[in-house]
Amino acid sequence: MSEKSADQPSVKAGYKRLLPVGRTTRKSVLIADRAADLTITIGGLLVIIAVFGILAFLAKEAVPLFTGGEVKKEQSYALQPMPGLIWATADEYQTIGLRIAENGHVDSFHVNTGRPLGTRELDFGGDVATAIGATNNRNDMVFGFADGSVRFAHIGLAAQVLRAEDMPKGLTQLTDEDFTDGESVYRRIPGNQVRRIYIETKVAAPEQIASEGVAIEAVAFALGGTVERPTRSYVTFDAQGVGRLTRSETRINLMTRAETVSSRTTTLPVLPAGTVASKVLLTAQADQVYVGIADGTVFRFDTRDFNNPLLAETARLTPEGVDLGVLGFLIGDQTIVVGGADGSLRMYFRLQPDNAGTVDGYRMVLARELEAQPAGIVAYDVSQRRKSLVTLDAAGNLWFRHATSEQVLLRLKQHAPVGDDSLKLMLMPRDDGAVAMNAGGVVDHWVFYVPHPETTWRAIFGKSWYEGYQEPSYTWQSSSGTDVFEPKFSLVPLIFGTLKATVYSLMFAVPISLLAAIYTSEFVHRKVRATVKPMMEMMESLPTVVLGFIAALILAPIVESWLSAVILGFIALPLGLMIAAYVWQMLPPALALRLNGIPKFLFMFVVIAIAAWLAWLLGPSFERVFFYSDFKAWTNHDVGTGTPFMGLLLWPAAFVVLTMVFNRTVGTAYRMHVRGLGRQQAGVLDCARWLAMALASAGLSFGVAMALTAAGFDPRGGVVDTYVQRNALVVGMVMGFAIIPNIYTLAEDALNSVPSQLRAASLAAGATPWQTAIWVVLPTAMSGVFAACMIGMGRAVGETMIVVMAAGNTPVLDWNIFNGLRTLSANIAVELPEAVIGSTLFRMLFLAALSLFIMTFVINTVAEVIRQRFRKRAFQL
């Protein structure tokens, strides 16, 4: 006791010397800690602000798509009365307006102020026009006369840009920017220049079309052809009800510029007795003639065979008991506009449905019924650029509409007297204004701004019925080679393409990356893992543009040439690895232990190479047996049935079903029997069992496939259909290769972070390494594994260059793995360089980016919620 007591103080003194008595943390450390904490906090807040800033910027650029339009100016003034007013037009800059009377008198006025300008007299030879027809640009027209003749005329407004110093002196000022010499109007424009607007008139000699003295009562006019061979077509109906179609073709000698004109005329089938043609339409190709009468009935003539025109269809296009108000074409001459005396407005397409019941197999189909106006439609005019139009009813309501989006953009009110039959309505060429006038000289002028008439939530995310389509559809097509093209801005095909590319790439990448992560984490030697993991991570450094280039120019042609071998490879590789695994079980334990590690790892690659070689070697035979010797013809439904492919597709499911039945019935007894055998004997027996199960499941799957074929089911037309070289299969393989490193690295780290005590406990309880990996390690690391898959999914959703180069850029809605696709990101990359700043396409691309942003945000949010649930479950183990 005394010795212990004597030693106690010395021990305490030793501890005192070792402990840091009175020591405090240095201020520099505290300051650095606070600075780091503050920096991290500020950095995190700045990241959040940046994300929301990007979101706000995208929304700012996309919101104007849905803001509608605004009226910038509205005025009414009076001109000199013009009896017999039959036509009106204006230039695209809303500078000069023209009025044309039936006697050929033309006068002009300044649109913004109503000030009268110069006049012209058209050479009608003293006759009075009884009918008029014009092209969509309102400048080229044909006049019909009481003597049965017609005269063609060009009456328009031309523009000329001058230098500011070339502007004439002594001009009269009209507005701050406009000046006139009494005939032309000069307007100052940016760049120290002046734009001159002036009148051009040209009237051709009369052409006798009807019998002498029989008046032309209705006429329609169309221009077509090419620059070298322009065509001029017109259809007339005279007072006797005779309809004639005339077509002239002009051939221009490119060397001498001499013109040779050839004309021919055909008589249309006779209309029912007493029918008076009130409205006549002619397509630009002169292949269809539409004649409307007062009660709303429309006669359609098929004139594709010029020498044998047919009365192809007779239909009532207005509601029952409603008279016809207006009848016309939208730009492109495919959509027929029908306005009724009850204010209704309908759009018809000429389509070729099944059982059309007409002479030529086509029928006028009601495609849209727009919002009705308060009173009967009395006048209309269509846009020269879009599928827009203005309609005026008998109560003076002027509505500016867009046909495809079916929305009323502006609702205006006319000031001129209502009910005047001489009323003329025109929509300005740039869709930025409208003018209504009557013979009494009263003019109503509106200036408005409607930048994006074709965009609505329904048009972007719903189905729209476009010209030439048999039914409403989701369509993205932003440009074309013709001026009459209608842009189609549905984002649904792009969103679908994004999901399609993501799904197929994940189907390729997730099994490979997760199995590789499990294998390197749980089974290989640490030296092998130290080599494999860095190599996998280096794969991520490959530029995606290089992968896209390889996919488009190398892989896609190879897959097309060896398609059957590629498909067989998806079967041969897993089968080869399974057979090799059972062969490995049959090896003597000493030999298997000696070869474990790097030799076993290399053996796996040898098996993969042999399986790939066998797939290449047996590819033609596989195609001959299962796909009737021509896989592409089989996908096109040209040969064979869907039984072979369904059998292959159902094989894994049949194997799983038989395995479950086996485990539920004799599984326990079989496992107890195997435990009593040696390693080699157990391996042989288990291999035999597996082969028997594989053969039995193959028989079951092909039996079910034959039953489905007998019931009329065919897998072609869905996931499998017509083959296109650049398709989702190639994209899935290459994009899957690109995202494998992401998923593998994170999943492998998550698996390695599982405490070794859990592995040891599982193995000590008698579980095999594979059972431990699947039932203990993987569930514990599920939150990290799921996060790895979601990060890979995020990479696939936002991938651009691979899908741009290898997907074919076809925005279609089908799951066909052999067809192309277009994703949101690829669409932005392809079309943004061509989009005009502020245009509808430009803003639609920002909306596409916003949609991609929201999709990613929602997917990541849902993924995080699921990950947290996995994490809580892992903590409970």
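Trainee: Which residue stands opposite Leu 427 in β31?
Mentor: Keep in mind that this is a predicted model. Strand β30 covers residues 424-427 and strand β31 covers residues 433-437, and 4 bridges join the two in an antiparallel run. Leu 427 has its counterpart in β31, and that residue is Ala 434.

Trainee: Which residue in the hairpin of β30 and β31 takes a positive phi?
Mentor: Look between the strands, where the hairpin has 5 residues. The phi in question is near 60°, and the residue that takes it is Asp 431.

Trainee: Where is Ala 286 found, and is it buried or exposed?
Mentor: Ala 286 is not a glycine, yet its phi is positive, at about 55°. You'll find Ala 286 in the loop between β18 (279-282) and β19 (288-292). Its relative accessible area is 6%, and anything under 20% counts as buried. So Ala 286 is buried.

Trainee: And what about Asn 809, buried or exposed?
Mentor: Asn 809 also isn't a glycine, and its phi is positive at about 55°. This residue sits in the loop between α18 (801-806) and α19 (824-831). With a relative accessible area of 19% against a cut-off of under 20%, Asn 809 is buried.

Trainee: What is the order of the open sheet that contains β14?
Mentor: This sheet is open and has 4 strands, with antiparallel pairing. Its edge strands are β14 (216-225) and β17 (259-267), each of which pairs on one side only. On average, neighbouring strands are turned by 15° against each other, ignoring direction. Read across, the order is β14-β15-β16-β17.

Trainee: Which residue stands opposite Tyr 234 in β16?
Mentor: Strand β15 spans residues 230-238 and strand β16 spans residues 243-252. They pair in the antiparallel sense over 7 bridges. Opposite Tyr 234, in β16, you'll see Thr 246.

Trainee: Why is one side of β22 and of β25 left without a neighbour in the sheet?
Mentor: The open sheet here has the order β22-β23-β24-β25, with antiparallel pairing. β22 (324-329) and β25 (363-370) stand at its edges. One side of each is left without a neighbour because each has a single partner strand.

Trainee: How many bridges join β23 to β24?
Mentor: β23 takes in residues 335-340 and β24 takes in residues 345-351, and they run antiparallel. Val 337 stands opposite Met 347 in β24. The number of bridges joining these strands is 5.

Trainee: How many cavities of 30 Å³ or more does the count come to?
Mentor: The largest cavity has a volume of about 70 Å³. The second largest cavity has a volume of about 60 Å³. The full count at 30 Å³ or more comes to 3.

Trainee: Which elements give two or more residues to the lining of the largest cavity?
Mentor: Among the residues lining the largest cavity are His 402, Glu 454, Ala 459, Ile 460, Lys 488 and Phe 489. By class, the lining has 5 nonpolar, 4 polar and 3 charged residues. The elements that give two or more residues are α3 (457-461) and β34 (488-489).

Trainee: How many charged residues are in the lining of the second largest cavity?
Mentor: The lining includes Arg 385, Arg 386, Lys 387, Glu 454 and Glu 486. Also among the lining residues are Ile 331, Val 484 and Phe 485. By class, this lining has 4 nonpolar residues, 1 polar residue and a charged count of 5.

Trainee: How many disulfides does a search of the whole structure find?
Mentor: A disulfide needs a pair of cysteine sulfur atoms within 2.5 Å. Cys 687 is buried at a relative accessible area of 12%, and Cys 789 is buried too, at 15%. As for disulfides, the search of the whole structure finds 0.

Trainee: How far apart in space are Asp 749 and Tyr 504?
Mentor: Asp 749 lies in helix α14 (residues 728-752). With a relative accessible area of 34%, Asp 749 is partly exposed. Asp 749 and Tyr 504 are 245 residues apart in sequence, and in space their C-alpha to C-alpha separation is 25 Å.

Key. Residues are numbered from 1 along each chain as its sequence is written. This is a predicted model: local features need pLDDT of at least 70, side-chain atom pairs count only at pLDDT 80 or more; totals for chains, interfaces and linings use all residues. Side-chain values use heavy atoms; hydrogens and water are left out. Buried means under 20% relative accessible area, exposed over 50%, partly exposed in between (1.4 Å probe, protein chains only). On a 1 Å grid over the protein atoms alone, a cavity is a set of points where a 1.4 Å probe fits but cannot get out, and a pocket is an open set with protein on both sides within 12 Å along at least five of seven lines; lining residues have an atom within 4 Å of a point. Grid points are joined across faces, edges and corners, and a volume is the space filled by probe spheres set on the points. Ala, Val, Leu, Ile, Met, Phe, Trp, Tyr, Cys and Pro count as nonpolar, Asp, Glu, Lys and Arg as charged, and the others, Gly among them, as polar. Two strands pair if DSSP finds at least two bridges between them. Axes are lines fitted to C-alpha atoms, for helices over the stretch in contact, and angles run from 0 to 180 degrees between N-to-C directions.
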